[in-house]
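Q: Could you take a close look at one part of this model for me? I'd like to hear about a single buried spot and what surrounds it, and then how that fits with the rest of the chain.

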Amino acid sequence: MPKGNNAIPHVHQKKHFNPCSSQKGNVKVFLNQPAQKIRRRRLRLQKAKKIFPRPLKALRPQVACPTVRYNMKKRLGRGFTLEELSGASLKPQYANTIGIRVDARRKNISEESLNTNIQRLKTYVSKLVLFPVNPKKIQAGEATEAEQKAVVQDRTRFGTAAVGAVVYPAVDAARKVTEEEKTKNVYAFLKKNHSAVRFLGARLKKAQKKAAKENEKK
């Protein structure tokens, strides 16, 4: 024990930096972060040069973040739904070939997000420059020689040069609280509706049984 009113020593010397006979070396440090940043940039430029004139990143949809805590925020999703592609008159197989990500599992649960992503696709297609499969036989929708020379590659981090960043809905202007909002019990209103949905099947079954019994008495 220490002498006087001093702290009891409880030193935990477990941070072993150097792997040797007496130390495990269980602390990993990342002192190469500045060099890694330069390396990532160099590899991005190499990839961009290799895949020119295709964009560095494929187009992704705008989705809402999960859970009630973050669902007011927007971010980029995995891929566009089949419904969104259909709204923009695109087929999934074709979309994959022109730099559009497709996610067959995601479902649209709001008209707002559906329209936003359809517009996102339409904007992208309107600015798309398709290089011809066969330069000698240029088909409809493919770029001419002059358009091919004027093309600029999209090297942005998320491939949003053509469609822009994530779009947030306009914020409602401030207004006064109405008398109805002051007096209305929102909790009771929501609870009543939640219960109505939850017990709908049981209540219908009960009503049917009651009607059947009354018919038997007649």
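A: Let's start with Glu84, which is buried, with a relative accessible area of 0%. Keep in mind that we're looking at a predicted model. Glu84 sits in helix α3, which covers residues 82-87. So what does Glu84 touch, once you leave aside its neighbours within four places in sequence? The contacts are Pro61, Arg106, Asn108, Ser113, Leu114, Asn117, Ile118 and Leu121. Glu84 counts as buried because its 0% falls under the 20% cut-off for relative accessible area.

Now zoom out for a moment. Buried residues like Glu84 make up 18% of the 218 residues in the protein. The exposed surface comes to about 18800 Å², and carbon and sulfur atoms supply 56% of that. As for overall dimensions, the radius of gyration is 30 Å, whereas a compact globule of 218 residues would have one near 17 Å. Put the C-alpha atoms in a box along the principal axes and you need roughly 90 × 85 × 45 Å.

In terms of secondary structure, the protein has nine helices and two strands. Walk along the sequence and you read α-β-α-β-α-α-α-α-α-α-α. If you count contacts with a separation of 6 or more, 51% of them join residues 24 or more positions apart.

Charge is worth a look too. The protein carries 50 positive and 15 negative charges, and the mean positions of the two sets are 15 Å apart. How many salt bridges does a search of the whole structure find? It turns up five, and here are three to click through.

One of them pairs Arg105 with Asp103, the closest N and O atoms being 3.9 Å apart. The two partners are a mixed couple in terms of exposure: Arg105 is exposed, at 64% relative accessible area, while Asp103 is buried, at 10%.

Another one links Glu145 and Lys149, where the closest N and O atoms are 4.0 Å apart. Why are these two about one helical turn from each other? It's because they are four residues apart in helix α6. Both ends are out in the open: Glu145 is exposed, with a relative accessible area of 56%, and Lys149 is exposed as well, at 69%.

Then there's the salt bridge between the side chains of Glu181 and Arg175, with 2.9 Å from N to O. Here Glu181 is partly exposed, at 39% relative accessible area, and Arg175 counts as exposed, at 59%.

While you're in this stretch, have a look at the loop between α6 (145-149) and α7 (179-183), which is where Gly164 lies. Is Gly164 buried, partly exposed or exposed? With 24% relative accessibility, Gly164 counts as partly exposed. Go back 11 residues along the chain to Gln153, and the C-alpha atoms of Gly164 and Gln153 turn out to be separated by 15 Å.

Coming back to where we began: Glu84 in helix α3 is buried at 0%, and its contacts include Arg106 and Asn108 as well as Leu114 and Leu121. Set that beside Lys149, exposed at 69%, and you have a handy pair of residues to flip between on screen.

Terms used:
Residues numbered from 1 in each chain as written. Predicted model: local features only at pLDDT ≥ 70, side-chain atom pairs only at ≥ 80, totals over all residues. Heavy atoms only, no water. Rg over C-alpha atoms; globule rule 2.2 N^0.38 Å. Buried < 20%, exposed > 50% of the residue type's maximum accessible area, 1.4 Å probe, protein only. Contact = heavy atoms within 4.5 Å. Areas by Shrake-Rupley, 256 points an atom, 1.4 Å probe, with all protein chains shown as cover. Lys, Arg positive; Asp, Glu negative; His and termini not counted. Charge placed at Lys NZ, Arg CZ, Asp CG, Glu CD.
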